Amino acid sequence: MTHVRRSPEDIAANRARYEEHQRKGLEFAPKALPEASPLPAAEIAPDRIIHREVIPGGWYWSTHIRKSEVFRVSLDHGFSTVSVVAWSAGDTSERLNLPDTVKMQWTTALGKGRVIFSDMGRVMFSLTEDSSGAHDGLMGGSTFASNAAKYGEGKRNTRDNLILIATKTGLDKRDIPSVLALFAPVRVDRDGAFLWKPELLRGGDYVELRAEMDMIVGFSNCPHPLDPDAACRPNAVTVTRIAATAPMADDLCRTATAEAMRGFENNALAAM
């Protein structure tokens, strides 16, 4: 296959077409997205806590979650990046799809009010609370090779953690989707370069992910490939599973964008 290089004029024309499509798409957003959630996070009533897991630096954890339950992922012990993957509990061939999540919502800035889509166009998670908006849906997690090049051998990495999660779930490495990296302040400049912007983080950050279907969810607590720290020293991360509360009819995540509304329509159709 011959690669045809695009001229600067072609690139500029493609960018203009994309920006015009984006403008038209955003015109249909019924609601403005909110500011970041306040810090510190509100206390969770003890009778609403189903389970609380503290994931040590470098390690992983997987669990099931039911529709309308919530995960609060919080940096109670210092900074760390947490990579998240998910599969539908009813059919594990349906899984998290970050490329579609970014494309369908016209943004790489995933924060409060946004949703995370599956590869079937359904909504898997709603971001109901988020103190930073500093999450990465583009780069993916660390690998053995990336960690060895940066830290030397012997450090745990996200790819191997996710293979262990998949294997314990009865899946294999071919079933691992692209990851959502929480607390990874990655942005993209106009030239397409990835930038690490730590000023987006506030210290003690948290995010709440409401499940929009029954799922199997995996978490890996390893440094992001762009993390500038020369030492591999991720801190422990707390994941709290919170009892379900049915969303209101005017729920922000369900009504903030036209894309989200269509995604929830797909959820409803699949449940019939």
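A residue counts as buried when its relative accessible area is under 20%, as exposed when that area is over 50%, and as partly exposed in between. In this predicted model, Tyr18 has a relative accessible area of 43%, which lies between the two limits, so Tyr18 is partly exposed. Tyr18 belongs to helix H1 (residues 8-26), and its C-alpha atom is separated by 9.7 Å from that of Trp106, although the two residues are 88 positions apart along the chain.

Thr107 gives a contrasting case: its relative accessible area is 17%, and because this is under 20% the residue is classed as buried. Thr107 is placed in the loop between helix H2 (98-105) and strand S5 (115-117), where a polar atom of its side chain lies 2.9 Å from the backbone nitrogen of Ala109. When neighbours within four places in sequence are set aside, Thr107 is in contact with Val102 and Arg114.

**The two sheets**

Strands of a sheet pair through backbone hydrogen bonds, in either the parallel or the antiparallel sense. Both sheets described here are open and antiparallel, one having 4 strands in the order S2-S11-S4-S7 and the other having 6 strands in the order S1-S12-S3-S10-S6-S5. Their edge strands and average twists are set out below.

| Strand order | Edge strands | Average twist from one strand to the next |
|---|---|---|
| S2-S11-S4-S7 | S2 and S7 | 25° |
| S1-S12-S3-S10-S6-S5 | S1 (49-55) and S5 | 20° |

In the sheet of 6 strands, S1 is joined to S12 by 6 bridges in the antiparallel sense, and His51 stands opposite Arg241 of S12.

**Strand S4 and its partners**

Why can strand S4 (residues 82-88) be described as largely enclosed by the rest of the structure? The reason is that 7 of its 7 residues are buried. Val82, Val84, Ala86 and Ser88 point one way from S4, whereas Ser83, Val85 and Trp87 point the other way, and the residues of both groups are buried.

S4 pairs with strand S11 (residues 215-221) over 7 bridges in the antiparallel sense, and within this pairing Val84 stands opposite Phe219. Strand S7 (residues 180-182) also runs antiparallel to S4, to which it is joined by 3 bridges; here Val82 stands opposite Leu182, while Ser83 has Ala181 as its bridge partner. Helix H4 (residues 158-168) lies across S2, S4 and S11, and runs at about 40° to S2.

**Nonpolar cores**

The largest nonpolar core has 30 residues, of which Val73, Phe125, Leu182, Met215, Val217 and Phe219 touch the most other members. At least two residues of this core come from each of strands S2 (60-65), S3 (70-74), S4, S6 (123-130), S7, S10 (206-211), S11 and S12 (237-242). Apart from this core lies another, of 10 residues, among them Trp87, Ile165, Val179 and Ile216.

Two residues that stand opposite residues of S4, namely Leu182 and Phe219, are thus also among the members of the largest core that touch the most others. For Met215, another of these members, the contacts beyond four places in sequence are Thr63, His64, Ile65, Ala86, Trp87, Ser88, Ala89, Met124 and Phe125.

Conventions. Residues are numbered from 1 along each chain as its sequence is written. This is a predicted model: local features need pLDDT of at least 70, side-chain atom pairs count only at pLDDT 80 or more; totals for chains, interfaces and linings use all residues. Side-chain values use heavy atoms; hydrogens and water are left out. Buried means under 20% relative accessible area, exposed over 50%, partly exposed in between (1.4 Å probe, protein chains only). Two strands pair if DSSP finds at least two bridges between them. A nonpolar core is a set of buried Ala, Val, Leu, Ile, Met, Phe, Trp, Tyr and Cys residues joined through side-chain atoms within 4.5 Å. Contact means heavy atoms within 4.5 Å. Axes are lines fitted to C-alpha atoms, for helices over the stretch in contact, and angles run from 0 to 180 degrees between N-to-C directions. A polar contact is a pair of N or O atoms within 3.5 Å; within protein, one must be able to donate a hydrogen and the other to accept it, and residues adjacent in sequence count only if both atoms are side-chain atoms.
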